[in-house]
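The following explanation walks through the model from its strands to its helices and then to the meeting of its chains. Please read it alongside the coordinates.

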2 protein chains.
Amino acid sequence: MERTRRFGHPGMVVWFTGLSGAGKTTLATQFERILFDQGRAAYLLDGDILRTGLCQDLGFSIIDRRENVRRAGEVARVLADTGFIVLAAFISPFALERDQIRAKMPPGRFVEVYVNTPVETCEQRDVKGLYRKARANLIPDFTGISSPYEPPVDPELKFRTDQESIEQCLIRLQEFIENRLRAGR
Amino acid sequence: MERTRRFGHPGMVVWFTGLSGAGKTTLATQFERILFDQGRAAYLLDGDILRTGLCQDLGFSIIDRRENVRRAGEVARVLADTGFIVLAAFISPFALERDQIRAKMPPGRFVEVYVNTPVETCEQRDVKGLYRKARANLIPDFTGISSPYEPPVDPELKFRTDQESIEQCLIRLQEFIENRLRAGR
């Protein structure tokens with residue numbers, strides 16, 4: 001409560017889920033900039049930050065990737081507890097871990113953003129060259145190719161980055177979060 | 001850099017180490033209040049917060065307790081990266097994990113506070129009844145009784161809560177952190 005007054009808004013977790021290359025980190029990064037410039041306390045949490053620290057003991061098996069997402073969710077919760085708007089960008093392919101994080105957050109403080117870009121588009125982009133490697137069987141259990149992705153059933157927001165521009169997505173995102181922040185004040 | 005300007009101070013980790021019952025959480029909790037009232041962004045991180053979330057998969061074997069401290073350090077780093085003054089209160093009996101966290105922080109941003117209360121005093125207090133249980137062999141590997149505590153060699157601050165009052169400790173703590181914050185601005 002006191003922290004909410006200090007920051008002028010309650011903490012929350014905005015969770016971006018979707019395939020590799022869907023545009024999660026791009027959206028989250030640009031949204032962090034917008035929030036920061038508005039004077040809000042925002043923090044981008046992504047796999048790269050955790051993989052070199054908290055999750056350095058984990059590999060890329062399905063079990064380890066689930067644990068990676070679980071820990072990411074717990075860190076996001078702690079950060080949200082401090083009053084931050086946490087922008088978490090993780091493939092997080094399974095509904096279970098996403099739902100567990102939601103269940104642990106106060107109502108309305110978990111916003112699931114489904115970055116629903118078709119696998120064909122992601123594979124075409126292949127910014128990190130991961131799809132090529134997955135097709136060549138160099139990466140086992142690659143989400144969307146050789147491992148399932150469970151789409152959110154009822155996400156707060158859905159984006160098709162192959163149909164909407166990043167700018168359009170950001171406007172919708174901003175409107176939604178703005179309303180949520182106002183409601184929680 | 002931008003975050004430092006926003007909060008008016010850089011993030012840092014103030015790490016309280018010492019035996020169970022030494023007064024780590026008491027000191028950290030009261031110091032958090034002082035910092036908050038000064039308008040600073042402070043956050044208390046202790047075992048209870050993590051044990052029910054991030055570290056719920058861990059037990060109390062020496063290996064698990066080391067992993068618990070490692071994860072706590074990584075969370076503290078993330079929080080400090082957002083600009084928070086993190087007050088971390090963990091027995092953290094081994095020098096290795098404490099030194100690893102220090103090594104990962106920018107110079108001057110890790111402050112080790114050795115709450116050096118003699119085991120006899122801690123055992124007399126026995127607020128949680130843990131020493132009694134440890135003496136009855138109900139808790140294996142209990143720090144100070146059946147498991148070693150490696151004192152910090154060169155901590156930034158040292159307190160003897162059996163000789164100094166909490167108020168005296170807080171004054172010294174406040175002075176030290178104030179100087180560090182000013183230096184980092």
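Strand E4 (residues 110-115) of chain B is joined to E5(B) by three bridges, and the two run parallel. Strands and helices here are DSSP runs numbered from the N terminus, with at least two residues for a strand (E) and at least four for a helix (H or I). Two strands are taken to pair if DSSP finds at least two bridges between them. Within this pair, Val113(B) has Leu157(B) of E5(B) as its bridge partner.

The model is predicted: local features need pLDDT of at least 70 and side-chain atom pairs count only at pLDDT 80 or more, while totals for chains, interfaces and linings use all residues. Residues are numbered from 1 along each chain as its sequence is written, and chains are lettered from A and ligands numbered from 1 in the order in which they are written.

The E4-E5 pair belongs to an open sheet of five strands in chain B, ordered E2-E3-E1-E4-E5, with parallel pairing. Strand E2 (42-46) and strand E5 (157-159) of chain B each have a single partner strand, so one side of each is left without a neighbour in the sheet. From one strand to the next, the twist averages 20°.

Chain A also has an open sheet of five strands, in the order E2-E3-E1-E4-E5 and with parallel pairing. Its edges are strand E2 (42-46) and strand E5 (157-159) of chain A, each pairing on one side only. Neighbouring strands are turned by 20° against each other on average, direction ignored. Inside this sheet, strand E1 (residues 12-17) of chain A and strand E3 (residues 85-89) of chain A pair in the parallel sense over five bridges. Phe16(A) stands opposite Ala89(A) in E3(A).

Now to the helices. In chain B, helix H4 (residues 62-81) and helix H5 (residues 95-104) pack with their axes 9 Å apart, at an angle of about 20°. Axes are lines fitted to C-alpha atoms, for helices over the stretch in contact, and angles run from 0 to 180 degrees between N-to-C directions. H4(B) and H5(B) are therefore roughly parallel to each other, a label given to angles under 35 degrees (over 145 is roughly antiparallel, 65 to 115 roughly perpendicular, and the rest oblique). The crossing of H4(B) and H5(B) is right-handed; that is, the near helix is turned clockwise from the far one by less than a right angle, whereas an anticlockwise turn would be left-handed.

On the H4(B) side the contact is made by Arg66(B), Val69(B), Arg70(B), Gly73(B), Ala76(B) and Arg77(B), and on the H5(B) side by Glu97(B), Gln100(B), Ile101(B) and Lys104(B). Residues count as in contact if their C-beta atoms, placed from the backbone, lie within 7 Å.

In chain A, the axes of H4(A) and helix H5 (residues 95-104) come within 9 Å and cross at roughly 20°. That makes H4(A) roughly parallel to H5(A). The crossing is right-handed.

How do the chains meet? In chain A, 13 residues are in contact with 13 residues of chain B. Helix H4 (residues 62-81) of chain A gives the most to the side that touches chain B, with six residues. Of the interface residues of chain A, 92% are also interface residues in chain B, so the copies meet through the same surface.

A turn of 180° and a shift of 0.0 Å along the axis lay chain A on chain B with an RMSD of 0.0 Å. That is the relation of a two-fold axis. The superposition is by least squares on the C-alpha atoms of residues with pLDDT of at least 70 in both copies.

Definitions and conventions. Two residues are in contact if their C-beta atoms, placed from the backbone, lie within 7 Å.
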